[in-house]
Amino acid sequence: MGDRLPAAPPQEVTELLHDKRFQRAVAEAADEQGRPEEEVWEEVKGYLHEMAAAHDDRASQGWARLGEWFLRAYDVLVDEDDMQALKRLDRSHSLALAFSHRSYLDGMVIPNVLMARRFSPTYTFGGANLNLPVIGSFASRTGLIFIRRATQEIPVYRLALRSYIRQMVTNKRNLAWSIEGGRTRTGKLRPPVHGILKYLTDAVERHDEDDEAPDVQVVPVSVVYDQLHEVSLMTQEARGASKTPEDWRWLVRFARLQRNRLGRAYLTVGEPFSLRERMEALAAEGVTGHQAVERVALDISHRLNRATPVTVTAIVSLALLGADRALTVDEVLETVEPLAAYIDARQWPVAGAADLRDRSTIRRALAELARSGVLTAYDGGTEPVWKIGDDQHLVAAFYRNTVIHILVERAIGELALLTVSELEPDAELPPGGALQVGWEEAKRMRDLLKFEFFFPGRAGFEDDLRTELRLLVGEGVTDLTPGRARELLVSARPHLSHLVLRPFLDAYLVVADRLADHGDSAVEEDALLADALAVGRQWALQRRVASAESISLELFRTAIALARHKGLLEAGDGVGTAREAFAAELRDSVRRVNIVGEIAGEPVQVVVPEPESQPESPSQESR
């Protein structure tokens, strides 16, 4: 139980305790668990008081000032036109603000931005691990709702939370929560967590004809930063370090870090939608229950990605990670130029309306990254050069990954063209010809990376890929020969597969290689993670992976999730052969992204790993 019991329960708690439907639900829970009803009532009351929040004007103003102090490392940029449109929606609707979660600071950026523009009070869900003594009690009077994460074994807690959220929606409160559940450790969106969303959908669905269910407008909200002080700690965890517990000492250290300026924070708003109307539309399609919640969650994630702007930090990190050597300003600009043209063609928003082709803008980003230690600079020669600092590849990758979602389909399109270019002249083709071979390759890569990135459904993915192919090869290409595909790929700009996909495929290959080493035997996941981390470090030293950023527990966990989905973790006859095939598939994918790197003019010095049973040769460089 929490350690705070407000003297006067907030409105929602009082209303729930007198609500007939809630009283029946508590009685049913007691009956199902075979417990005295009075005992269950005491438990549920404790949980309600633990999570209950209110909005006290003086406390909220003090919290806003505290938030400004924590945010002193940043200037917060907001699109005021978006805010005005959202303000009009706020006047007539309850808002459910689903935000991306890259930093603990998100919980201060969003309330401060809304409060400064006189939005209706917003109640924000936060992890109970942040409910620190004294400050937790104060924060709960500013609309912060502390909730527990692991509640599968506490059915009464889930009943209390579901009922509390329903009452908040009934009272037309604005609610905010992270659709990812916790902070991303990689910079890109994590898979959505369905808990809060499930309770929101329960609240807005009609349960009988006389039930006037309330509604909320779901509003995707993206918050992205030029840089973050906490990224270095997260990347240490990705290398195997223990997570620092959130206590008073942690909070003091976190606050002190914010003394150093780190640029800007950007808050952008995605396209809102009615949750009730969306659920009704899905029900009309025959999609209900968990599947409907999953569809809504994925839609929110897509809208968050579309709303997230491209930062200069992300583009500079992309250029330097791809080169993995020191570059001059002119070389960085040369790499960024085709990326900037592509971003313009796709009409992706750029944070702060920055000019990605501007020399002073790029130089300033390089200087800021060097000042924070992500890059190292050397100016003892004819001109300054910058490179990724030692042990900073995961930090740079975090910043790059804030923009990676806009580049993935383009990178897959390049591999589709490459696959066509590698066809033998006498190869037997499917009914759709060589172009169909390219489509099938794109779909294969989509399935291989579906646990890493948010792809639209198959029809939407094909539409997006057609857009990418038009940008790659121009209009009217309905048939391809291998030679023509090669010409188009060589002449295309920019080339992205090696910049975008190789770190993930390298990480997957480490896991697949260690998995194949187990033959038909069962594999314990924690042991596989430890083995992948150890062998991955060896491969990084041997240059058998392109970059140290691939040696990450976060990427390894996703690879294991894919292997689990493919049924490769359990023991069984023939599973060893399937594991070998999985490793071979990844080995070939790595080979092909390396080819794109060579086409792009990057000399690839990576040894493509072969199965351990085969003798290694210094000549096994990718071609």
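The chain before you, in this predicted model, is built from 26 helices and 10 strands. Its radius of gyration is 26 Å, and the globule rule gives 25 Å for 623 residues, so the chain is as compact as a globular protein of that length. As for overall dimensions, the C-alpha trace extends about 75 × 60 × 50 Å along its principal axes.

Let me turn to the interior and the surface. Of the 623 residues, 55% are buried. If we take the contacts with a separation of 6 or more, 78% of them join residues that are 24 or more positions apart. The exposed area of the chain comes to about 27200 Å², and carbon and sulfur atoms supply 49% of that area. With regard to charge, there are 75 positive and 95 negative side chains. The centres of these two sets lie 5 Å apart.

Next, the confidence of the prediction. The mean pLDDT is 88, and 93% of the residues reach 70 or more. Among the elements, strand β2, residues 95-99, has the highest mean pLDDT, at 97. The lowest, 79, belongs to helix α20, which covers residues 458-473. Over residues 1-7 the pLDDT is below 50, and this stretch has 18 contacts in the model beyond near neighbours in sequence. Residues 613-623 also stay under 50. For that stretch, the model has 14 contacts beyond four places in sequence.

I should like to close with two individual residues. The first topic is Ile 196, which is placed in helix α9, residues 195-204. Is Ile 196 buried or exposed? Its relative accessibility is 9%, and because buried means under 20%, Ile 196 counts as buried. Which residues does Ile 196 touch, leaving aside those up to four places away in sequence? They are Phe 125, Ile 147, Ile 165 and Trp 177. As for its distance from Thr 467, the two residues are 271 positions apart in sequence, and their C-alpha atoms are 35 Å apart in space.

The other residue is Glu 38, in helix α3, which runs over residues 37-51. Here the relative accessibility is 58%; since exposed means over 50%, Glu 38 counts as exposed. How far apart in space are Glu 38 and Lys 566, C-alpha to C-alpha? The separation is 48 Å, for two residues that stand 528 residues apart in sequence.

Notes: Residues are numbered from 1 along each chain as its sequence is written. This is a predicted model: local features need pLDDT of at least 70, side-chain atom pairs count only at pLDDT 80 or more; totals for chains, interfaces and linings use all residues. Side-chain values use heavy atoms; hydrogens and water are left out. Helices (H or I, at least four residues) and strands (E, at least two) are DSSP runs, numbered from the N terminus. The radius of gyration is taken over C-alpha atoms; the globule rule is 2.2 Å times the number of residues to the power 0.38. Buried means under 20% relative accessible area, exposed over 50%, partly exposed in between (1.4 Å probe, protein chains only). Contact means heavy atoms within 4.5 Å. Accessible areas come from the Shrake-Rupley method with a 1.4 Å probe; for residues, only the protein chains shown count as cover. Lys and Arg count as positive and Asp and Glu as negative; His and the chain ends are not counted. The place of a charge is taken as NZ of Lys, CZ of Arg, CG of Asp or CD of Glu. pLDDT is the predictor's confidence in each residue, from 0 to 100.
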